[in-house]
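Student: Could we walk through this structure together, one question at a time?

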Protein chains: 2
Amino acid sequence: MSDKQNLSVAEVHERALSQLVSKGFSHVQADAIAATVTAGERDGCLSHGLFRIPFYIGALRNERVNPKANPEVIEKAASSVVHVNGHDGFCPAALRVGYEPVMAKAKERGIAALAIHNVYNIAALWPEVEFLAQQGFVAFAFTGANAFVAPAGGTQPLFGTNPMAFGWPRGDKPPLVFDQASSVCARGEIQLMKQEGKRLPDGLAIDADGQPTNDPDAALAGAQLPFGGHKGSSIALMIELLAGALIGDAFSFESTEMDVNKIGAPFGGEFLMVIDPSHGALPGAQANHQARAEQLFGKILEQEGTRLPSERRYQMREKSLAEGLWVSEFSDS
Amino acid sequence: MSDKQNLSVAEVHERALSQLVSKGFSHVQADAIAATVTAGERDGCLSHGLFRIPFYIGALRNERVNPKANPEVIEKAASSVVHVNGHDGFCPAALRVGYEPVMAKAKERGIAALAIHNVYNIAALWPEVEFLAQQGFVAFAFTGANAFVAPAGGTQPLFGTNPMAFGWPRGDKPPLVFDQASSVCARGEIQLMKQEGKRLPDGLAIDADGQPTNDPDAALAGAQLPFGGHKGSSIALMIELLAGALIGDAFSFESTEMDVNKIGAPFGGEFLMVIDPSHGALPGAQANHQARAEQLFGKILEQEGTRLPSERRYQMREKSLAEGLWVSEFSDS
């Protein structure tokens, strides 16, 4: 394919970084964003891969966005909640400065939290829980989005597609990780079905009048539905409370209200909880969380048809690291 | 109705307590169990109400169960994870001794955890998160069960119906609480449909060969399905890891294996996380988590057809407190 070239994962990172810097991002912001989009591309999560770079660049049309923000860690010795003020930059750079202090607190005290404030967040959540799990911690991450999802029983968009991610350490193996939206499907999937002229399966969305719809346009003008009915709706609500009310950042509906130019980069916060599993077992009992978990994973995998969350992503990663990535010329967006 | 009598909530508690004591439970164990079953009865959650007492009494047929266990708190000053060894008694009494120390740590440090070990747990989880939220904390609770649920894509029961509960403080109002199984429906609902000779709706269960079934008997012999497909399955897995591997207690499939007499009381642990929301906002910013959350709740309720989780339970509670409860004679089971 003449318009695609084979690059190593490191080369993809370098090119993403240069492109962002050329558009006005500081090295701090650009390098963290390049890492997350490169990871997405590498792992076959293309909707969070290089495809996202134009969204980051497009977000600069919003005057409040600061592409040179220096995220600032604010912590009190007595508190196990580490804060990072993102100063209106993007989430990836803010996370990077928060990891060390939150891991130090979790190690000492068994459990700690990281609150990321005042950031634009258009990345997936799995990179952060995977990183923390690689360092041996159990990790949770929650963030809002823009208002696209109706609460169970309701008819109007209010919640974001609100992902939650969870990571579990597996020693030398890549961590067990899941990262799932509180909506039945990602918004991008509906946009894709629209592009392809397809009808939506049942149960994904309602139209502007609150009626079930299979028409992608009507769905995009209406509301997506939470996964699993009222149970997914409760999880979406919990995420609004954690990443919004608890840490004093915006709810998804407020992020939408603030986005007057319809740029689409959600503004708000992210909340993480980090556990050092060496504090988990009853003192005196043998701590063997890892071996125990592997026993459970074995029981899952002995059933035909199952797989562990993130398995496919790690397979794609291995391939990408071995064979490089075929990517289009980096475009000026 | 000649076989029912009207009792106050306090009288129901007293009778439940006496009945349990007469069957060999210590006051410590019996009072905590009486509180949880009375709360269920009072709130209209009848499957966790007085209906449960025979399950507690029946569990004594398992020789390992200790109806006089004195739960023991084990904590290290440096760690924010408080442990309670339930010593093979029931969960409600173990929770009671854990509340004060975990709230003290959460207050001082912003976030803390409570690990309940070696207990039989046949209660709902909402009483604990409601209690913690009434004291001003944000709370999560997770526990396994017996192996009834197939992992997504699989055909055999492995996970428990694994509930997770979440509580959010609302000042003078009762807390926002949800408590939801990771299966599409509670096991009791399938048992009830069997009793009533009804067919199951689609999507609840598979038979012993892994095929979808609408027959309650086939479903009970097969496996229940997680809610929301692979997303609910991931949540069930997370709960196994938290309440099992992390804290060194049994997985749901092990609880089933240990239950050689098929008594059905799940044995294992419970894991809770407790957050003091005054640590949540960016230091220097005005902490107003409660007012912010009320704003979101208002937005939900202005949509026709919605309600907040636990709303119906609180309505039933108000009625029960005002009018008393109509209960059958306490039976000797």
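Tutor: Sure, and one term comes up front: helices (H or I, at least four residues) and strands (E, at least two) are DSSP runs, numbered from the N terminus. This is a predicted model, where local features need pLDDT of at least 70, side-chain atom pairs count only at pLDDT 80 or more, and totals for chains, interfaces and linings use all residues. Residues are numbered from 1 along each chain as its sequence is written, while chains are lettered from A and ligands numbered from 1 in the order in which they are written.

Student: Which residue with a positive phi follows α8(B)?

Tutor: Look just past the helix α8(B). The residue there has a phi near 75°, and that residue is G248(B).

Student: Is helix α8 of chain B largely enclosed or open?

Tutor: Call a residue buried if 20 or more other C-beta atoms, placed from the backbone, lie within 10 Å of its own, exposed if 12 or fewer, and partly exposed in between. In helix α8 (residues 230–246) of chain B, 16 of the 17 residues are buried, so the helix is largely enclosed.

Student: How many residues of chain A are in contact with chain B, and which element gives the most?

Tutor: Contact means C-beta atoms, placed from the backbone, within 7 Å. By that rule 63 residues of chain A meet 63 of chain B. On the chain A side, the top contributor, with nine residues, is α8(A).

Student: Why do the copies meet through the same surface?

Tutor: Compare the interface residues of the two chains. The copies share that surface because the part of chain A's interface residues that are also interface residues in chain B is 100%.

Conventions
Contact = placed C-beta atoms within 7 Å.
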